[in-house]
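Student: Could you pick one part of this model and take me through it closely, then work outwards to whatever surrounds it? I'd like one connected account rather than a list.

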Amino acid sequence: MHAGLAALGLLFLLFPGCRDQSKDVTVYTSVDQVFAEPILKDFARDGRTAPRSAFDTEETKSTGVLNRIIAESAHPQADVFWSGDPMRALVLVQKGLAEPYISPNAASIPAEYKANDGSWTGFGARARVVLVNTDKVPAARTPRSVKDLINPAFKGQIAIANPLYGTTTMHVAALSRAWGDAETRAFFADLRKNDVRVASSNGEVRRLVASGEIAFGLVDTDDAHEALAEKAHVTMVFPDQDGMGTLVVPTAVVLIKNGPHSARGRELIDFLLTPQVEKALGERAAHMPLRKELHVDGVPDLGGVRAMKVDYAELASEITRLEPWLRQWAGL
Amino acid sequence: MGRAVGTRPSSLEQRAVLAAAAAVAALTVVWPLGALVHGALFGAASADELIPARTWTLFARSVALALGVLVGTLLLGVPAGVALARARRGALRAALCLHLLPLALPPSFLALGAAQLVGPGSAFSSVLLSKLLYGPAGFVFVMSIALAPVVSAMTWVGLASLDPSLEEAARLVASRPLVLAKVLLPASAPFIALALVLVFSLTLSELAVPSLLRVDVYSAAVFARLGGFRASPREALLVSLPIVAVSFVLLALAHRLFARVAGDLVLRRESGAGTPLGPLLMAHAAVAAVLGLTPLVALVARGAGSFSAAVPWLGASVWNGLRAAIVTALAATAIGVPLGHAVARGLRWARVVDACLLVGFFAPAVLLALGVVQAWNGGLTTLAYQSFLILPIGLVGRYGALAVRTFAVSTRGVAEAYEDAAELSGHGYLARLVRITVPLQWRALLAAFGLVLTFCLRDVETSILYYPPGGEPLTVRLFTLEANGSPGVVCALASMHVLATALALAVPVWLVRRGQ
Amino acid sequence: MKAVDLAAVSVREGERQLLDDVSFSMAPGESLAVAGPSGAGKSTLLRVVAGLRVPASGRVHLRNVLVNDAGRVLVPARRRGLAMVFQDLALWPHFSVRGNLAFALEASGMPSAERDRRVEETLDRVGLAGFGTREVLSLSGGERQRAALARALVTKPDLLLLDEPLSSADALIKRAMLTLIRDLLSERNTSAIIVTHDASEARALSKRLLCLEAGCVVADDTIEALTKKPPTPFLGAFLG
């Protein structure tokens with residue numbers, strides 16, 4: 001009797017569930033779950049099954065879905081990788097793990113935000129901005145450039161996220177391409193001299209600025225919007241508008257080579273690249289649409305922002321070169 | 001009665017059972033870590049492979065912080081454990097048990113709770129408190145609260161297993177506090193020492209709390225070699241070696257203390273009968289409970305208005321986590337019983353298997369998880385990798401050692417003659433295990449199950465890397481939602497997690513009480 | 001036929017020699033008392049005979065069957081047809097008195113009706129009739145001694161090993177138990193090895209005494225002969 005009950009219980013525990021998962025498309029994404037999940041659920045609205053998703057975020061400090069895809073590369077489990085930035089997408093491209101796919105919906109995406117061969121395609125973008133606490137910094141002294149971070153007047157009052165991870169790494173690579181090695185290293189040495197606070201994530205920088213613990217710091221536009229939505233006393237500055245411009249970070253999709261359901265993966269990519277999704281990403285996550293014809297209330301149009309001229313593929317190589325030095329800089 | 005160590009004949013039946021348990025350890029620890037080592041040795045070479053001098057400084061700093069946490073957990077945990085062992089009334093003991101609750105949450109949520117309390121805009125907001133929280137002091141404080149329950153639970157078990165005559169003899173010549181300090185606690189030292197090894201290891205591998213509280217620690221150096229764009233498992237493995245080495249040294253020290261655990265726990269009366277809980281002890285236990293509960297209360301308070309908004313975000317994550325934890329706890333207990341028994345009875349190769357499982361526990365979780373992906377994704381095991389079973393597989397590798405250790409300690413305290421008598425009556429190994437060893441140690445069995453269940457329910461660092469898409473446990477969901485998610489919703493989900501864990505743990509506790 | 005025959009048996013534990021070249025034999029129905037200072041190897045000797053300890057070298061025969069040969073176990077403990085009363089009695093506390101005896105018989109494959117009959121008969125024989133349902137932990141010291149003896153005898157073993165079975169019993173219980181053990185052994189012509197620290201116990205249960213010192217047999221003779229001319233100071237003190 002007891003043994004029978006125990007066996008039944010065990011069967012129940014091990015029962016995989018009713019849903020046939022053999023045809024489900026699988027997506028790995030490093031876009032914040034709070035934004036990505038509702039959009040992925042929308043995919044299921046037209047009679048399709050919702051994708052099976054694995055989420056990650058730079059804040060979790062996990063090794064990330066990118067490394068999971070690399071670890072799984074012998075037997076890929078994901079069909080699509082939806083990256084929060086083009087760098088991770090390009091790492092996969094460089095490792096030969098991406099299957100080129102030119103989605104018909106990508107036609108209206110500007111050429112600088114996608115690969116010609118369709119190995120990655122960008123859409124809804126963030127930008128690297130300076131979040132300023134208006135209580136601590138008078139309007140006249142509001143920083144206008146990334147270089148204001150090394151202004152001794154703000155010593156101990158500035159923060160960046162750990163440059164080893166996420167969009168901050170990409171930002172360092174972009175600065176290195178724009179300024180060259182020597183100037184970048186000098187800038188980072190000056191950041192140390194200026195007692196920069198190295199936070200665990202951009203979200204943490206946002207919290208530091210919003211709470212007034214520091215005067216300003218580098219974050220992504222979605223973090224800045226979050227602070228603005230919370231009615232914190234902050235303002236968002238697109239840096240270097242009269243110089244090299246602001247780094248734009250589009251999200252990017254990649255079709256995984258030899259993924260289990262490539263056809264459905266393509267379907268998902270087509271869906272993600274629709275203007276409706278780009279708009280939804282703007283509304284939900286304050287991502288700026290790359291399509292010039294799209295406008296989202298409360299989100300700056302990309303057309304009005306002077307963007308840094310960067311070749312994302314070059315940045316991906318630059319990151320690999322810079323990482324040992326960055327690790328040293330971070331004391332790890 | 002002499003105890004035959006190491007030369008007791010083992011039957012074919014025992015060898016078969018132990019081989020099965022060893023196979024589980026091999027599949028969940030040796031194979032994944034082996035796959036990682038193989039990939040690291042034969043993969044592409046990378047620069048900067050030696051541990052640079054700066055990381056040794058970081059290591060020393062991390063060890064110092066971990067020692068601080070040891071002191072903190074001792075100060076909080078030992079008196080609370082004594083109070084738990086002394087409390088005679090059910091209601092009082094239940095109230096004291098609340099102090100154990102923080103163990104049910106990933107420590108990062110205690111850090112978040114503490115930040116809710118002293119952060120800007122909170123009731124106790126102050127620059128000084130904020131500075132203290134975001135620094136080494138805050139790290140030691142949060143980790144001490146998070147891990148003190150490990151020490152209190154083991155102190156409780158240690159005191160409960162002492163022969164009451166020990167205390168009675170001492171009471172004739174010394175005052176109650178002196179008896180506690182000079183007789184009872186030193187006699188429970190083996191249990192407390194094991195707790196401290198766990199605390200030290202968990203502190204050294206903790207990553208989320210130090211990164212949230214902006215404290216530089218060594219585990220970040222391991223992660224930096226895996227979490228960046230240029231992942232290098234080889235470097236990560238190399239950098240992990242000091243963590244594993246220090247943990248094993250501590251364990252060896254604890255082992256020496258464990259050699260003292262002997263005799264017959266089965267026939268002992270419950271100790272401490274008639275010794276009331278002194279007011280000082282009571283007050284300290286109350287402080288420990290309040291300290292542990294305050295961040296949780298802060299979480300619940302913050303999430304109070306968002307419970308309905310949080311429900312749609314739950315998905316199947318509660319069931320995913322609970323199911324994985326129960327299956328893991330069952331599997332870990334199933335291997336923990338024969339292995340723990342064999343370790344305690346001195347079977348050499350059972351000790352080798354035990355050591356393998358300990359490597360799984362001591363090594364940074366991210367390494368084991370990455371190994372699970374490399375080993376299990378492909379060939380015959382792909383089906384398991386794609387199913388929810390992959391969660392228990394990795395978790396058994398991570399926490400299986402806890403079940404083995406718990407049962408080994410318990411077996412050491414049970415006279416071998418019970419099994420000998422059964423063997424001479426013609427009973428084979430399995431019959432002795434099922435009919436004698438397990439019934440005599442049913443509390444240890446439930447303790448092993450409960451311990452593994454708790455650690456699985458709070459796990460995030462292992463499962464986050466390889467959970468099946470769409471099958472994430474609540475802790476992982478909490479973590480991924482924490483980025484840019486509404487703080488109210490996240491706090492509400494964390495509160496639900498505490499509730500679900502408390503309910504899940506109530507079952508083994510209820511069974512123990514029913515058995516008593 | 002020899003009930004027990006040990007030839008050049010040695011047991012080591014690390015650097016320690018627990019038994020060194022021990023040889024002796026016993027006839028069926030014979031009782032042998034084993035004495036020696038603490039740590040001399042008395043319990044180890046019992047465990048070797050029982051099959052709970054593997055000797056490093058030497059041979060062990062039980063009823064002319066080779067059971068141990070040079071470190072190999074040819075017949076495991078559970079198939080040696082012997083029983084043992086342990087120093088701490090080792091009654092299984094999670095079984096009742098009857099449960100202890102029934103579990104001891106379970107592996108024999110005996111039909112349950114016969115098993116029940118044998119249990120009741122044995123309990124009756126040791127003076128525990130009516131105690132079958134009692135919890136082991138609720139028994140007095142003397143009752144526990146009887147229950148342990150009943151559990152050992154219920155399987156009707158050819159050889160009974162007693163490891164200081166009465167060391168914790170008071171004088172009254174000891175006297176009653178010694179009579180009971182002697183009667184039970186003679187009823188079934190059961191061989192017995194009795195490890196003891198008490199000369200009166202040895203005299204009551206056996207005519208022959210084997211003395212171990214530092215793992216070696218230093219004497220093996222009748223108690224009477226050894227009392228007259230003790231070969232070692234220990235035996236002189238032991239036999240008074």
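Tutor: I'll start from one proline, widen out to its chain, and then go on to the two other chains.

This is a predicted model, so read everything below as a description of the prediction. The residue to begin with is Pro210(B), which sits in helix α10 of chain B. Is Pro210(B) buried or exposed? The usual cut-off for burial here is 20 or more other C-beta atoms within 10 Å, and Pro210(B) has 27 such neighbours inside 10 Å, so it counts as buried. If you set aside residues up to four places away in sequence, what Pro210(B) touches is Phe139(B), Val215(B), Val217(B) and Ala220(B). For a sense of scale, take Gly39(B): it is 171 residues from Pro210(B) along the chain, and the two C-alpha atoms are separated by 30 Å.

Now step back to the chain that holds this proline. Chain B is built with 24 helices and zero strands. It has 516 residues, and 60% of them are buried. The contacts reach a long way along the sequence, too: of those in chain B that join residues at least 6 apart, 84% are between residues at least 24 apart.

One helix pair in chain B is worth a closer look. Helices α20 (417-424) and α21 (429-440) of chain B have axes that come within 10 Å and cross at roughly 160 degrees. With angles over 145 degrees counting as roughly antiparallel, that is why α20(B) and α21(B) are described as roughly antiparallel to each other. Their crossing is right-handed. On the α20(B) side the contact is made by Tyr418(B), Glu419(B), Ala422(B) and Glu423(B), and on the α21(B) side by Arg432(B), Ile436(B), Thr437(B) and Leu440(B). Sorted by class, the residues of this contact come out as four nonpolar, one polar and three charged.

Our starting helix also leads to the next chain over. Two pairs of chains touch, and the pair with the most contacts is A and B. There, 49 residues of chain B are in contact with 45 residues of chain A. Helix α10 (208-212) of chain B is one of the elements that give two or more residues to the chain B side, along with α2 (53-86), α11 (218-224), α15 (317-344), α17 (365-376), α18 (382-386) and α23 (474-482) of chain B. That side of chain B has 27 nonpolar, 15 polar and seven charged residues.

Cross over into chain A and you meet strands. All 13 of the 13 residues of strand β5 (121-133) of chain A are buried, so this strand is largely enclosed by the rest of the structure. Its pairings are a nice thing to trace on screen. With strand β10 (248-256) of chain A, β5(A) pairs antiparallel over six bridges, and Gly122(A) stands opposite Ala252(A) in β10(A). With strand β8 (216-220) of chain A it pairs antiparallel over five bridges, and there the bridge partner of Val132(A) is Phe216(A). With strand β9 (234-237) of chain A, β5(A) pairs antiparallel over four bridges, and here Val132(A) stands opposite Thr235(A).

Chain A has a helix crossing to set beside the one in chain B. Helices α5 (166-179) and α11 (312-329) of chain A have axes that come within 9 Å and cross at roughly 105 degrees. Angles from 65 to 115 degrees count as roughly perpendicular, and α5(A) and α11(A) are therefore roughly perpendicular to each other. Among the residues that meet are Met170(A), Val172(A) and Ala173(A) from α5(A), and Leu315(A), Ile319(A) and Leu322(A) from α11(A). By class, the contact has eight nonpolar, two polar and three charged residues.

That leaves chain C, which does not touch chain A; the nearest C-alpha atoms of the two are 19 Å apart. Five strands of chain C make an open, antiparallel sheet in the order β2-β1-β4-β5-β6. At the edges stand β2 (16-26) and β6 (72-73) of chain C, each with a single partner strand, so one side of each has no neighbour in the sheet. Inside that order, β1 (4-13) and β4 (57-62) of chain C pair antiparallel over five bridges, with Ala7(C) opposite Arg59(C). Helix α1 (42-50) of chain C lies across β1, β2 and β4 of that chain, running at about 60 degrees to β2(C).

Methods: Residues are numbered from 1 along each chain as its sequence is written. Chains are lettered from A and ligands numbered from 1 in the order in which they are written. This is a predicted model: local features need pLDDT of at least 70, side-chain atom pairs count only at pLDDT 80 or more; totals for chains, interfaces and linings use all residues. Two strands pair if DSSP finds at least two bridges between them. Two residues are in contact if their C-beta atoms, placed from the backbone, lie within 7 Å. Axes are lines fitted to C-alpha atoms, for helices over the stretch in contact, and angles run from 0 to 180 degrees between N-to-C directions. Angles under 35 degrees count as roughly parallel, over 145 as roughly antiparallel, 65 to 115 as roughly perpendicular and the rest as oblique. A crossing is left-handed if the near helix is turned anticlockwise from the far one by less than a right angle, and right-handed if clockwise. Ala, Val, Leu, Ile, Met, Phe, Trp, Tyr, Cys and Pro count as nonpolar, Asp, Glu, Lys and Arg as charged, and the others, Gly among them, as polar. A residue is buried if 20 or more other C-beta atoms lie within 10 Å of its own, exposed if 12 or fewer, and partly exposed in between; C-beta atoms are placed from the backbone.
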